[in-house]
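Reader: I'm more at home with gels than with models. Could you walk me through how to read one?
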Amino acid sequence: MKIRTGLGQDSHRFCTEESSKPCILAGLTFEETPGLQANSDGDVVFHALCNAITSVTGVHILGAIADDLCHKDGITDSQVYLEEALKTLGNQSISHIAIALEGKKPKFLHRIGEMKEKIARVMDIDTDQIGITATTGEGLTDFGCGDGIQCLCIITTVTAQ
């Protein structure tokens with residue numbers, strides 16, 4: 001068996017309070033928070049997952065495939081980018097995902113179960129293969145001060161030989 005670990009990160013600043021752009025995290029809308037500044041929906045969870053997959057496969061999703069989908073086809077849904085990233089795994093399967101969110105807002109804790117369910121559906125894995133933590137970082141960074149959200153992600157893949 002071959003085991004690989006991928007690391008991904010993404011972060012975005014919030015749009016202004018007047019913006020009508022929704023805040024999307026792990027494919028879910030967080031109504032109480034302004035959206036994130038990005039060409040796409042700004043879903044830092046799905047973007048960090050894409051980057052973690054890229055670190056395993058070497059196929060650049062964000063900045064390449066996703067940019068083409070966004071700029072040429074008008075696709076801004078980060079779930080589509082993640083689905084494209086999953087296609088690059090070939091015969092590797094994801095055995096575990098660890099996600100760490102940092103931000104003062106929105107309040108993540110009451111939605112972590114929903115986030116895990118959405119990620120599991122999109123990635124075709126079980127929710128018990130996903131761990132999510134969230135922190136404010138005690139206000140030590142721009143994220144913890146409420147200016148945006150950062151997501152770190154580690155994936156573990158296995159390939160049967």
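Reader: Let's pick a residue, then. Is Glu84 buried, partly exposed or exposed?

Author: Keep in mind that this is a predicted model. The general idea is to look at relative accessible area: under 20% is buried and over 50% is exposed, with partly exposed in between. Glu84 has a value of 24%, so it is partly exposed.

Reader: Which residue does Glu84 form a salt bridge with?

Author: Its partner is Lys87, and the closest N and O atoms are 2.9 Å apart. An α-helix has 3.6 residues a turn, so residues three or four places apart point the same way. Here, Lys87 and Glu84 are three residues apart in helix 3, which means about one helical turn between them. Lys87 is exposed, at 60%.

Reader: Where else can I look for that kind of spacing?

Author: Try helix 2, where Lys72 and Asp68 sit four residues apart, again about one turn. Their side chains form a salt bridge at 3.7 Å, N to O. Lys72 is exposed at 65%, while Asp68 is partly exposed at 39%.

Reader: How many salt bridges are there in the whole structure, and which one links distant parts of the chain?

Author: A search finds six. Lys105 and Glu17 form one of them, with 3.3 Å between the closest N and O atoms. That pair is 88 residues apart: Lys105 is in the loop between strand 4 and helix 4, and Glu17 is in the loop between strand 1 and strand 2.

Reader: Back to helix 3. Which of its residues are buried?

Author: To read a helix, check which residues are buried and where they point. In helix 3 the buried ones are Ser78, Gln79, Tyr81, Leu82 and Ala85. They cover an arc of only 155 degrees around the axis, so they lie on the same side of the helix. They pack against helix 1, helix 2 and helix 4.

Reader: And strands? Why is strand 6 described as largely enclosed?

Author: With a strand, count the buried residues and then find its partners. Nine of the twelve residues of strand 6 are buried, so the rest of the structure largely encloses it. Strand 1 runs antiparallel to strand 6, joined by twelve bridges, and strand 4 is also antiparallel to strand 6, with nine bridges. Gln150 shows both pairings: Ser11 stands opposite Gln150, and so does Glu102.

Reader: What does the side chain of Thr157 make a polar contact with?

Author: With the side chain of Gln92, at 2.9 Å. Thr157 is in strand 6 and counts as buried, at 0% relative accessibility.

Methods: Residues are numbered from 1 along each chain as its sequence is written. This is a predicted model: local features need pLDDT of at least 70, side-chain atom pairs count only at pLDDT 80 or more; totals for chains, interfaces and linings use all residues. Side-chain values use heavy atoms; hydrogens and water are left out. Buried means under 20% relative accessible area, exposed over 50%, partly exposed in between (1.4 Å probe, protein chains only). Helices (H or I, at least four residues) and strands (E, at least two) are DSSP runs, numbered from the N terminus. The arc is that of the directions from the helix axis to the C-beta atoms. Contact means heavy atoms within 4.5 Å. A polar contact is a pair of N or O atoms within 3.5 Å; within protein, one must be able to donate a hydrogen and the other to accept it, and residues adjacent in sequence count only if both atoms are side-chain atoms. Two strands pair if DSSP finds at least two bridges between them. A salt bridge is a side-chain nitrogen of Lys or Arg within 4 Å of a carboxyl oxygen of Asp or Glu.
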